[in-house]
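Grab your viewer and work through a few exercises. Try each task yourself before reading its solution.

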Amino acid sequence: MKKKYIILDLDNTIYPVYTIGNELFKTLFELIEQSNAYEESLELVKRDIMRKPFQVVAGQYGFSTALTQAGIELLKNLEYNGPIRPFDDYELVKNYPQKKFLVTTGFQKLQWSKIRGMQIENDFTDIRIVDPMTSSQTKKDVFIDLIKKYELNKEELLVVGDDPHSELQAANELGIDAVLYDKLQLNPDAPFSTITDYNQLNNYL
């Protein structure tokens, strides 16, 4: 077994956002629709809010400054208090012997509420939330910090996530092996090794 450490993303990697997204972002979606201060269709905006950090979506769809700020103000105090069901195959990863780290981008309060809702805090040696509102750190910076703090050998480390342009790109830039978890099959052409179920992850460990 070559890999001793796994860094996992959260949204659409451990659980499917769409199962809570409409309820979670109801007020945000209403705010965006009423503002009419965005480009493209509302359905595309909603889709990407369930896949990407809000600030990225705001830039991608040309949100007005006022709408972007209103969205941030809403989201920074938002929490999800209901139970969240992880992907069924997450249980496989949870039971792998490798030391695991969770690195996710988002608002601190919201991301922690999801983590606690799934009761997965104890599955990880370290949990890092990259919050653009409170830090200039990127996932790449966090990966570097984890490597230094825990004296990780990059050859023994694997990054797993759903976003080719976020955690996987960061891993690639650092020379760390990465696997795209495309359970929802949203990135068929991504230039990364791809799995659709965690029982396939053994091939990369």
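Below are five exercises on this predicted model, each with a stepwise solution.

**Exercise 1. Work out whether Arg128 is buried or exposed, and find its side-chain polar partner.**

Step 1: locate the residue. Arg128 sits in strand β3, which covers residues 126–130.

Step 2: check accessibility. The relative accessibility of Arg128 is 17%, so it counts as buried, given that the cut-off for buried is under 20%.

Step 3: look for the partner. The side chains of Arg128 and Asp145 are joined by a polar contact of 2.6 Å.

Step 4: fill in the surroundings. Leaving out residues up to four places away in sequence, Arg128 also touches Leu102, Val103, Thr104, Val142, Leu146 and Lys149, besides Asp145 itself.

**Exercise 2. Do the job again for Glu167: which side chain does its own side chain meet in a polar contact?**

Step 1: place it. Glu167 belongs to helix α9, residues 167–173.

Step 2: read off the accessibility. Glu167 has a relative accessible area of 2%, so it is buried.

Step 3: find the contact. The Glu167 side chain pairs with that of Lys139 at 2.6 Å.

Step 4: list who else is there. With neighbours within four places in sequence set aside, the contacts of Glu167 include Asp9, Phe143, Val159, Gly161 and Asp162.

**Exercise 3. Describe the largest pocket and the largest cavity by volume and lining.**

Step 1: start with the pocket. The largest pocket holds about 700 Å³ of space. Its lining counts 37 residues, and the closest to the centre are Lys52, Pro53, Val56, Thr105 and Ser166.

Step 2: assign the lining to elements. Two or more residues each come from α4 (54–60), β2 (99–105), α7 (108–118), α8 (139–149) and α9. Top contributor is α9, with four residues.

Step 3: sort the pocket lining by class. You should get 14 nonpolar, 12 polar and 11 charged residues.

Step 4: turn to cavities. Just one cavity of 30 Å³ or more turns up, and the largest cavity has about 40 Å³ of space. Its lining is made of Asn12, Asp162, Tyr181, Asp182, Lys183, Leu184 and Leu186. By class, that is three nonpolar, one polar and three charged residues.

**Exercise 4. Find which members of the largest nonpolar core touch the most other members.**

Step 1: take the core as a whole. There are 49 residues in the largest nonpolar core, and Phe25, Ile32, Phe63 and Leu201 touch the most other members.

Step 2: zoom in on one of them. Outside a window of four places in sequence, Leu201 touches Val93, Tyr96, Leu158, Val160, Val179 and Ile195.

Step 3: look for a second core. Apart from the largest core lies another, of 21 residues, including Tyr5, Val142, Leu180 and Phe192.

**Exercise 5. Identify the buried residues of α7 and what they pack against, then inspect Pro97.**

Step 1: list the buried set. In α7, Leu110, Gln111, Ser113, Lys114, Ile115 and Met118 are buried.

Step 2: find the packing partners. Those buried residues pack against α1 (18–24), β2 and β3.

Step 3: see how the helix ends. Gln119, just after α7, has a positive phi of about 55°.

Step 4: move to the loop. Pro97 lies between α6 (90–94) and β2, and with 67% relative accessibility it counts as exposed. The C-alpha atoms of Pro97 and Lys3 are separated by 10.0 Å, with their positions 94 residues apart along the chain.

Terms used:
Residues numbered from 1 in each chain as written. Predicted model: local features only at pLDDT ≥ 70, side-chain atom pairs only at ≥ 80, totals over all residues. Heavy atoms only, no water. Buried < 20%, exposed > 50% of the residue type's maximum accessible area, 1.4 Å probe, protein only. Polar contact = N/O pair within 3.5 Å; in protein donor to acceptor, adjacent residues only side chain to side chain. Contact = heavy atoms within 4.5 Å. 1 Å grid on protein atoms, 1.4 Å probe; cavity = no way out; pocket = protein on both sides within 12 Å on 5 of 7 lines; lining within 4 Å. Points joined across faces, edges and corners; volume = space filled by probe spheres on them. Nonpolar A, V, L, I, M, F, W, Y, C, P; charged D, E, K, R; others polar. Core = buried A, V, L, I, M, F, W, Y, C linked by side-chain atoms within 4.5 Å.
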